[in-house]
Amino acid sequence: MSYIPGQPVTAVVQRIEIHKLRHGDNLILGFSIGGGIDQDPGQNPYSEDKTDKGIYVTRVSEGGPAEVAGLMIGDKIMQVNGWDMTMVTHDQARKRLTKKNEDIVRLLVTRKSLENAVRHSMLQ
Amino acid sequence: MDTESQYSGYSYKSSHSRSSRKPRDRRDRHRSKSRDGSRGDKSVTIQAPGEPLLDNESTRGDDRDDNWGETTTVVTGTSEHSVSHEDLTRITKDVEESAAPDCRRFLGPALSGALGLFAFLTPLAFLLLPQLLWRDQLDPCGTPCEGLYVSLAFKLLVLLIASWALFLRPPRATLPRIFVFRSLLMVLVFLFVASYWLFYGVRVLEPRERDYRGIVEYAASLVDALLFIQYLAIVLLEIRQIQPAFCLKVVRTTDGASKFYNIGHLSIQRAAVWILEHYYSDFPVYNPALLNLPKSILSKKMSGFKVYSLGEENSTNNSTGQSRAMIAAAARRRDNSHNEYYYEEAEMERRVRKRKARLVVAVEEAFTHIKRLQDEDQKNPREIMDPREAAQAIFASMARAMQKYLRTTRQQPYHSMESILQHLQFCITHDMTPKAFLERYLTPGPTVQYHRENTAGRQWTLVSEEPVTSALREGAVFALRRMDFSLVVTVRRIPFLQVREEFIDPKSHKFVMRLQSETSV
């Protein structure tokens with residue numbers, strides 16, 4: 001998941017569709033994010049490359065919409081509804097995920113096991 | 001061990017630097033040459049204790065048998081190839097220092113003083129001789145002469161005071177070779193004064209010169225020249241070595257105590273004196289009893305090794321091969337002596353700490369028994385004691401603990417009962433706490449603390465591969481040897497420093513928080 005500046009980032013992604021749950025006045029997704037270009041990447045426990053300033057899933061609440069949809073802890077979110085999440089600030093990421101007029105968010109997430117799986121299948 | 005301590009009669013840094021006659025220099029050089037043979041100019045005379053391993057070759061080559069298959073030769077571990085560890089635990093004898101102060105120590109300063117005095121009185125002689133000899137024929141010399149008299153007087157006074165301040169000091173050491181700078185200055189002074197006298201004798205005394213003012217100016221110029229020579233002396237003898245240029249590592253051979261010193265440009269012998277002055281106050285005192293591993297550990301190593309040579313071709317190189325094989329085998333053999341060493345050390349440590357605790361408690365308790373007499377107290381005269389009696393009164397309660405502690409730390413040769421009493425008296429007089437009293441015994445102090453009062457001085461031998469009057473240079477190594485240990489000195493140059501500047505705008509100090517927020521969505 002390291003990147004070379006100027007080169008397009010390639011990753012094996014999984015499409016996850018989360019239906020937001022209405023909880024009182026709020027629409028919640030059921031996970032927590034960390035990271036962003038204005039944050040300190042060295043403290044990210046889930047990233048392989050400690051200079052990676054992407055948005056990572058730090059917590060998935062039990063039984064919530066995210067867990068149901070298949071989101072796992074440690075995933076890196078690459079896109080939300082078509083919006084890029086690899087070079088955004090933390091607040092921008094939060095805003096993209098919590099738009100009040102959207103009920104469904106379609107995420108493209110990547111994790112290490114996906115790459116391994118693809119590699120395995122290519123070898124076989 | 002070859003212990004030749006050479007006590008030389010050459011004075012080093014002494015009172016007057018501007019003296020010595022040429023004959024004395026020649027005599028010095030001759031004497032130093034005569035001592036050369038025994039020491040060797042270019043050879044290192046540092047010898048290690050213990051016999052060298054491979055010295056005694058066995059002479060079995062001649063009796064070698066031709067049927068080598070049937071004969072076996074046995075060399076046991078106690079043959080001449082073995083290293084006797086007794087050598088390592090040699091007891092050092094306390095050598096008597098020579099009792100009387102050597103008068104040769106003051107020879108140099110005396111000559112320097114004589115030359116200095118001679119140089120000092122010369123301008124006065126220049127002024128007085130015409131007055132005494134042909135007073136009536138002199139041209140009268142009014143105000144300018146009197147002005148010159150005043151300046152002359154003050155310059156002579158400054159010369160006198162400076163000489164007293166700088167050069168009239170008792171010599172610190174005697175050096176093996178002549179002190180180059182000082183003898184240079186003495187020769188210079190002598191030449192100056194001699195040439196002035198020569199000129200004076202030929203041009204003034206002979207024709208009975210009448211221009212007195214010229215004579216006074218001539219005398220004033222001599223005093224100026226002497227002042228400049230004194231300036232040169234200060235620079236060469238005192239100031240040049242102040243700026244540090246070399247870093248010396250001084251290691252004591254017996255227990256590895258080491259220190260680093262910064263020193264300026266000096267010759268090897270002067271550097272040696274400088275180091276020794278610092279040695280006496282920086283290094284902990286050399287205690288031979290603390291050095292060696294206990295016999296119980298070392299003796300295990302020498303449990304007889306039997307080496308069987310099953311017949312090699314030439315037996316003359318055998319001895320070296322055998323010794324090496326023995327050592328290699330001994331090294332490879334699994335030995336647990338390090339274990340024992342560790343436990344022995346721990347046990348020793350524990351013992352020392354226990355004794356120390358007992359000592360501290362005993363001393364603290366002893367000190368509570370006396371207190372200083374306040375004026376308000378009404379005590380009858382029988383109960384009032386002076387420090388000596390007070391010390392004796394409380395000494396008894398701590399004597400045993402003290403003795404046991406000193407014995408455990410092997411310090412008892414350094415502290416006699418009398419010295420402990422005196423120290424106790426001293427501490428009581430100055431209102432010291434028990435801790436201050438014990439400070440002297442709990443840590444081994446520098447050597448100068450135990451210096452017995454003798455004016456003859458300590459004898460050290462300077463061992464060097466280069467001539468000792470040569471200047472220090474990078475990589476030089478020399479040693480200062482005493483009876484039972486030596487100090488090995490390595491010279492290293494202080495690195496050249498490139499100091500650059502960097503300007504930091506005070507407004508440029510700005511900070512941000514390291515964020516790692518987690519938002520739940």
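This is a short tour of a predicted model, with selections to make in chain A and then in chain B.

**Stop 1: chain A as a whole**

Start by showing chain A as a cartoon. Its secondary structure comes to three helices and eight strands. If you trace the chain along the sequence, the elements follow the pattern β-β-β-β-β-α-β-β-α-β-α. Of the 124 residues in chain A, 39% are buried. Now think about how the chain contacts itself: among contacts between residues at least 6 apart in sequence, 65% join residues at least 24 apart.

**Stop 2: strand E8 of chain A**

Next, select residues 104–110 of chain A, which form strand E8. Is this strand mostly covered or mostly uncovered? Mostly covered: five of the seven residues in E8(A) are buried.

Add residues 14–19 of chain A to the selection; this is strand E1, joined to E8(A) by six bridges in an antiparallel arrangement. Look for Gln14(A), which stands opposite Val109(A). Then add strand E6 of chain A, residues 76–80, which pairs with E8(A) in the antiparallel sense over four bridges. Here Ile77(A) has Val109(A) as its bridge partner. Val109(A) is therefore a handy residue to label, since Gln14(A) stands opposite it and Ile77(A) is bridged to it, with both strands, E1(A) and E6(A), running antiparallel to E8(A).

**Stop 3: the five-stranded sheet of chain B**

Move over to chain B and bring up its open sheet of five strands, in the order E3-E2-E7-E6-E5 with antiparallel pairing. Which strands stand at the edges? They are E3 (258–263) and E5 (461–464) of chain B; each has a single partner strand, so one side of each is left without a neighbour in the sheet. As you step across the sheet, the twist averages 25° from one strand to the next.

Zoom in on the E3(B) edge. Strand E2 of chain B, residues 246–252, pairs with E3(B) over six bridges, again in the antiparallel sense. To find one of the matched positions, select Cys247(B) and its bridge partner Asn262(B) in E3(B).

**Stop 4: the helix across the sheet, and the loop before it**

Now show residues 268–282 of chain B, helix H7. This helix lies across E2, E3, E5, E6 (477–481) and E7 (486–493) of chain B, and runs at about 130° to E3(B).

Step back to Ser267(B), in the loop between E3 and H7 of chain B. Its relative accessible area is 13%, which is under the 20% cut-off, and Ser267(B) is buried. Setting aside neighbours within four places in sequence, Ser267(B) is in contact with Val468(B), Thr469(B), Ser470(B) and Ala471(B).

**Stop 5: helices H3 and H5 of chain B**

Select residues 107–133 (H3) and 180–205 (H5) of chain B. The two helices pack at an angle of about 15°, with axes 10 Å apart, which makes H3(B) roughly parallel to H5(B). H3(B) passes H5(B) in a left-handed crossing.

Turn on side chains to see who meets whom. On the H3(B) side, the residues include Leu115(B), Phe118(B), Phe126(B) and Leu129(B); on the H5(B) side, they include Phe190(B), Tyr196(B), Trp197(B) and Tyr200(B). By class, the contact has 16 nonpolar, two polar and no charged residues.

Carry on into the loop between H5 and H6 (212–239) of chain B, where you will find Arg208(B). Its phi is near 55°, a positive value in a residue other than glycine. Arg208(B) counts as partly exposed, at 36% relative accessibility.

**Stop 6: helices H11 and H12 of chain B**

For the last pair, select residues 387–408 (H11) and 417–429 (H12) of chain B, which pack at an angle of about 125° with their axes 9 Å apart. That angle makes H11(B) oblique to H12(B). The crossing here is right-handed. Among the residues that meet are Arg388(B), Ile394(B) and Phe395(B) from H11(B), with Glu418(B), Leu421(B) and Ile428(B) from H12(B). This contact has 13 nonpolar, four polar and two charged residues.

Finish at Asp431(B), in the loop between H12 and H13 (434–442) of chain B. Asp431(B) has a positive phi of about 55° although it is not a glycine, and with a relative accessible area of 52% it is exposed.

Notes
Residues are numbered from 1 along each chain as its sequence is written. Chains are lettered from A and ligands numbered from 1 in the order in which they are written. This is a predicted model: local features need pLDDT of at least 70, side-chain atom pairs count only at pLDDT 80 or more; totals for chains, interfaces and linings use all residues. Side-chain values use heavy atoms; hydrogens and water are left out. Axes are lines fitted to C-alpha atoms, for helices over the stretch in contact, and angles run from 0 to 180 degrees between N-to-C directions. Angles under 35 degrees count as roughly parallel, over 145 as roughly antiparallel, 65 to 115 as roughly perpendicular and the rest as oblique. A crossing is left-handed if the near helix is turned anticlockwise from the far one by less than a right angle, and right-handed if clockwise. Contact means heavy atoms within 4.5 Å. Ala, Val, Leu, Ile, Met, Phe, Trp, Tyr, Cys and Pro count as nonpolar, Asp, Glu, Lys and Arg as charged, and the others, Gly among them, as polar. Two strands pair if DSSP finds at least two bridges between them. Buried means under 20% relative accessible area, exposed over 50%, partly exposed in between (1.4 Å probe, protein chains only).
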